[in-house]
Amino acid sequence: MAETPKQNCYLLDTSVILDDPLHILRLYDNGENAVVITDIVLAELNNKKDDIRGDAGFRAREFFRFADNEQGRTIEFSDLPKCIQECSKKQAKNCKDKYYRLSVNFPHANLQDTQVGTDIPLYIIYRKSYEIAKNYRHEYGLNDAKIGEIAKEYSLTLLTNDISFKIASEVQGITTQSIRNARVERPEEIEFAHTYSFQGEEPKLEDSQEHRNFEQMTFVQEAGDDTQIYETGIQKYALMNNHNLEWCDFYKRFGEFYDDNLVRPINLEQKFYFTMLTHPQNYVTVVSGATGSGKTLIALQAGLELLNESIVEGIIYARNTVTANDQHSELGFRKGDEGQKLGYFMYPLYSAINYTIEHMKKRSIDSQVEYTGNINSMKQETATESFMLKHNIEVMDIAHLRGTTISKKFVIIDEAQNLTAATLKLIGTRMGDETRLVVMGDPNQIDHPFLSKRRNALVALLQKAKTENYIAGVQLRHTIRSEIANWFDKNF
């Protein structure tokens, strides 16, 4: 008979919860482990929650929102998990500590559904007085020393992201670990495009070169002998699909087989991007690129092609309607009805539509209202509205996605760098049958006060695309914009 795995007991430092309260759920692991904090951590979290502008304050408030005190209760030593009792039997004989079982619940956790919505027991150890405090002489670090005292006496594994606390604890023989949220350290280095050289007629990948679905391959032909190798000028392109190279003939795809009414991709990145968005086996795409890289414009063209071919029945554009440090940017503070309020935030879409209208206007023989272009602002507004109505294009506040199911649509989620992982999960779970989803943004343009370049929904999904075949990823590094814009992007 197989032995039951021993339950681990983790004591959390404040830094772990301030990194992400969901660590409690991850560590609990469906009851495989026990999670403990001290009264010191609880007090520090309580002091942090009034910081309304900082990341730490936001996460402290998240912790207390998840905590369900009505399900909590004072408990005896005998009610503690066995791993705590076993580790502290010797110490417990004369122990005057008090224990509390607090329930925490994560209704929208970005983890497996089997763990969502369950009450997670969090055990709190209260100690009236700490031995370390009697002889502590340093100006800082007393709270850490108190937490370390509990960890040592109960033989708990201390989890802390504070490097100085971690070192000080290890010196005392305390087992320590660190745990961080799914933070992407160098999101700009995530790569989906690869270039290889080949000789002969047909390129191929070596067995050692493993790639995920929809990674982009450029093969550059070389010729020559042992003394000199030169490029022939011939290049071939392919997407990886089911461990095979799927060749892309961009000359045909964006030549005779392309709708002239649509704006053509103008560089290799955009051509791969468009090809992935319209690929029959791709339903989720994540794209990172700066302003001017064509994220929204090419996505709109792909959506229009899918709409013309009846693969989707409409296009939905959604983005956050709250910008950083500006409460008055919320919809409720804007003038006008809901549509007019949303309009303040939909300029990237309208810009892409107007560019498309101008392109169509040049090709149009008949003088239709849809192709009136920029003659004046009133006609431009009318043309945009007419275009959106004809092509069934909707704009939506992300907050309104809750409780809906979107089927057979092409959904564009913009400014994803300002979304949390929980919000992205809300969006993803609203997608119905035959819907295509493209998530886009620029990790260098963080507006959300509680997110960073390394921790946001966009970079988290980019990281997922590197390991999951279900998601197509692309980095648009080539921008087409003014010298002024380029200067500010590089120097600030």
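# Talking through the sheets and helices

Colleague: In this predicted model, what is the order of the seven strands that form an open sheet?

Modeller: Let's read across the sheet. Seven strands make up this open sheet, and their pairing is mixed. The order is β3-β4-β5-β2-β1-β6-β7.

Colleague: And which strands stand at the edges there?

Modeller: Look for strands that have a single partner strand each. One side of each such strand is left without a neighbour in the sheet, so these are the edges. They are β3 (67–75) and β7 (176–177).

Colleague: Take β1 and β2 next: in which sense do they pair, parallel or antiparallel?

Modeller: Strand β1 covers residues 8–12 and strand β2 covers residues 33–38. Four bridges link the two, and N8 stands opposite N33 in β2. The sense of the pairing is parallel.

Colleague: Which helix lies across β1, β2, β4, β5 and β6?

Modeller: Here β4 is 98–105, β5 is 119–126 and β6 is 157–159. The helix you want spans residues 142–154 and runs at about 170 degrees to β1. That's helix α7.

Colleague: Which elements do the buried residues of α3 pack against?

Modeller: Start with who is buried: in α3 these residues are D39, I40, V41, L42 and L45. Their surroundings include both strands and helices, with α1 being 14–19. The elements are β1, α1, β2, α4, β5 and α7.

Colleague: Are α3 and α4 roughly parallel, roughly perpendicular or oblique to each other?

Modeller: Helix α3 (residues 39–48) packs with helix α4 (residues 55–66) at an angle of about 120 degrees, and their axes are 8 Å apart. Roughly perpendicular stops at 115 degrees and roughly antiparallel means over 145. The pair therefore falls between those two classes, and α3 and α4 are oblique.

Colleague: What are the numbers of nonpolar, polar and charged residues in the contact of α3 with α4?

Modeller: From α3 the contact uses L42, L45, N46 and K48. From α4 it uses A56, G57, A60, F63 and F64. Sorted by class, that's six nonpolar, two polar and one charged.

Colleague: N47 is found in α3 too; is N47 buried or exposed?

Modeller: The relative accessible area of N47 is 60%. Exposed means over 50%, so N47 clears that cut-off and counts as exposed.

Colleague: How far apart are the C-alpha atoms of N47 and G57?

Modeller: Along the chain, N47 and G57 are 10 residues apart. In space, the separation of their C-alpha atoms is 8.7 Å.

Colleague: At what angle do α3 and α7 pack?

Modeller: The axes of α3 and α7 are 9 Å apart. In this pair, I40, V41 and E44 of α3 meet N143, K146 and I147 of α7, a contact with three nonpolar, one polar and two charged residues. The packing angle is about 145 degrees.

Colleague: Let's switch sheets. Which strands stand at the edges of the open sheet of four strands?

Modeller: That sheet has mixed pairing and the order β8-β9-β10-β11. An edge strand here has a single partner strand, so one of its sides is left without a neighbour in the sheet. That gives β8 (193–198) and β11.

Colleague: Which helix packs on this sheet?

Modeller: The helix touches β9 (216–224), β10 and β11. Its direction makes about 25 degrees with that of β10. It's helix α10 (residues 268–277).

Colleague: In the hairpin of β10 and β11, which residue takes a positive phi?

Modeller: Strands β10 (residues 229–241) and β11 (residues 244–248) run antiparallel and are joined by five bridges. N241 stands opposite N244, and L239 has E246 as its bridge partner. Two residues lie between the strands, and the one with phi near 55 degrees is N242.

Colleague: Is N30 exposed or partly exposed?

Modeller: N30 sits in the loop between α2 (23–28) and β2, and its phi is near 55 degrees, a positive value. Most residues other than glycine have a negative phi. The relative accessible area of N30 is 44%, and exposed needs over 50%, so N30 is partly exposed.

Colleague: Last one: where does E415 lie?

Modeller: E415 has a positive phi of about 55 degrees even though it is not a glycine. Its place is the loop between β15 (410–413) and α15 (421–428).

Definitions and conventions. Residues are numbered from 1 along each chain as its sequence is written. This is a predicted model: local features need pLDDT of at least 70, side-chain atom pairs count only at pLDDT 80 or more; totals for chains, interfaces and linings use all residues. Side-chain values use heavy atoms; hydrogens and water are left out. Two strands pair if DSSP finds at least two bridges between them. Axes are lines fitted to C-alpha atoms, for helices over the stretch in contact, and angles run from 0 to 180 degrees between N-to-C directions. Angles under 35 degrees count as roughly parallel, over 145 as roughly antiparallel, 65 to 115 as roughly perpendicular and the rest as oblique. Contact means heavy atoms within 4.5 Å. Ala, Val, Leu, Ile, Met, Phe, Trp, Tyr, Cys and Pro count as nonpolar, Asp, Glu, Lys and Arg as charged, and the others, Gly among them, as polar. Buried means under 20% relative accessible area, exposed over 50%, partly exposed in between (1.4 Å probe, protein chains only).
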